[in-house]
Structures are given as C-alpha cells and as structure tokens.
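Here's a quick briefing on a ligand site and a pair of cysteines. Have a look at the model first, then read on.

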Amino acid sequence: MKVESIWDKPQSHGEILKKIWKHLDLGVLEREHPFHTPVLGTVAGGCTPSLRVVVLRRFWRRPPALAFHTHFSAPKIKEIQSNPNISFAFYHPQKKFQLRVKGKATIHTDGDELHEEQWLATEFFSRRCYVGEAPSQISKKAVSGLPEEIVDRAPNKEESEAGKANFVVVSSTIDSIDCLELDVKGNRRSLFTWKENGEFATDWLTP
Ligand SMILES: Cc1cc2nc3c(=O)[nH]c(=O)nc-3n(C[C@H](O)[C@H](O)[C@H](O)COP(=O)(O)O)c2cc1C
C-alpha cells in the first residue's frame, strides 16, 4: 500500500501558508476543530513561562492576527500588561502539523470596538464566566465561581450584562509562524516572519 507523503508533490511556502490560513479559519468556526483550542503562552513574573488552553475566537489574514476572550482579572492579563510577547501552540493530529505562533498582544476592554463586536457575538451561556468570580483565586472550598442563580441555566440578557465589564478580548499580531509537518518520509519545517510593512520572509528549517 502506498503511503501518502507531503514530499510526493512539490509544495511552496505559499501553499503551506494557504493550508495554515485554512485551518486557522476552521479553528475559529468549528468547535471540534483541533485549532479551536490552542495553548497560549505568556511570560509570568518577568521570566517564567505560563501556559494554558484558550478558545480561538478570531483570525485575520491581513495583517495576520488572532484573538481570544478572557476575564479582565485573570492572571494572564497582568502578565500581558507587563510583557505583551505571547505565543500560541496548535496541533492538528489528523493532518499531523504543528504551528508555533509568536506575536504581541493588545487588551481590548469595554468601550473598544472589537470588545463590543465580540461581546455581542458571545452567547448568554458563555457570558456566565464573566458574571462569576475571576479565575485563579484561592478558595477554602471547591467552587464553580458562578452565582448560585445561574449555576444550571444560562443568564438572561440583563443578567449577562453584569459580565460585560469583566469581559476582555485579547488580540495578537502574528509576528512569526514556525510550522512543523510530520511525515513518514521525513518531517518538514517552515518559518514565516512578518515585517512591519506587512511583507513576510520565508525560510526552511531542519525539523
Ligand atoms: C478547552 C478549554 C478552553 C478554555 N478557554 C479559555 C478561554 O478562551 N479564555 C480563558 O481565559 N480561559 C480559558 N480556559 C481556562 C484557561 O485554560 C485557564 O485555566 C484560565 O483562563 C486561568 O488562566 P490564568 O490563571 O493563566 O489567567 C480554557 C480551558 C480549557 C480546558
């Protein structure tokens, strides 16, 4: 049986980037897509890496950028405020490729246009996270952080509005993408680096 390989057909950086863009688009749109939940890395306390999963909410191609939602009082916000350099790691287990994306984050709070757009696009059920307690606080007992009255239902519109000031959108430039494609005939690794003027440089790396 012939095993399909990425090396069997000629492929350019342009074609690899097209594949990357397609899967980032799908990652935003499809809950089951593996790119829907990347690992986000921030720098904590000036030097320690801090990793967690977030949901990919937006992807823009020109200029390339990504965004996720979070609670204003989440520790990652303080980390980003003191150091906006962030990374995302994505892996597609069926297509067998990994992306390591580096960028600079911007925090969008209440009153900002992107904040308004994303708040309106957020279902009432998902708004619960922002009505409740801020994440990562020490508690004497196990708690959901949700107000008692909305533990087993979605808040109505009015109740959900209490979360608006806690809701933040974090967007990030895409400054570089390191793409590793796994393959039976040998892996392939490509690097895309964006310049200030929106143009990008390409390189091949040893995997
Ligand atoms: C599947 C999944 C999706 C998640 N999505 C988000 C998200 O979009 N935003 C977020 O702030 N936390 C999300 N979390 C929770 C974070 O991983 C993390 O536990 C929380 O945000 C606290 O992180 P921090 O203390 O570093 O701020 C998600 C967790 C999982 C398992």
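Which oxygen or nitrogen contact does the backbone of Val53 offer the ligand, and at what distance? A backbone N or O atom of Val53 sits 2.7 Å from an oxygen atom of the ligand. Keep in mind that this is a predicted model.

**Polar contacts with the ligand**
- Thr70 brings a polar side-chain atom to 2.6 Å from a ligand oxygen atom.
- Ser136 also puts a polar side-chain atom 2.6 Å from an oxygen atom of the ligand.
- On its own the ligand exposes 610 Å², and the protein buries 61% of that.

**The shell around the ligand**
- Three elements, β2 (48-53), β4 (65-71) and α2 (75-82), each give two or more residues to the shell.
- The residues around the ligand include the run Arg52, Val53, Val54 and Val55.
- His69 and Thr70 are there too, along with Ala74, Pro75 and Lys76.
- Thr37 and Ser136 round out the list.
- By character, the shell splits into five nonpolar, four polar and two charged residues.

**Cysteines**
- There are zero disulfides in the structure.
- Cys179 has 0% relative accessibility, so it counts as buried, the cut-off being under 20%.
- Cys129 comes in at 47% relative accessibility, so it counts as partly exposed: that value falls between the 20% limit for buried and the 50% limit for exposed.

How values were computed: Residues numbered from 1 in each chain as written. Predicted model: local features only at pLDDT ≥ 70, side-chain atom pairs only at ≥ 80, totals over all residues. Heavy atoms only, no water. Near = heavy atom within 4 Å. Polar contact = N/O pair within 3.5 Å; in protein donor to acceptor, adjacent residues only side chain to side chain. Areas by Shrake-Rupley, 256 points an atom, 1.4 Å probe, with all protein chains shown as cover. Helix = DSSP H or I, 4+ residues; strand = E, 2+ residues; numbered from the N terminus. Nonpolar A, V, L, I, M, F, W, Y, C, P; charged D, E, K, R; others polar. Disulfide = S-S within 2.5 Å. Buried < 20%, exposed > 50% of the residue type's maximum accessible area, 1.4 Å probe, protein only.
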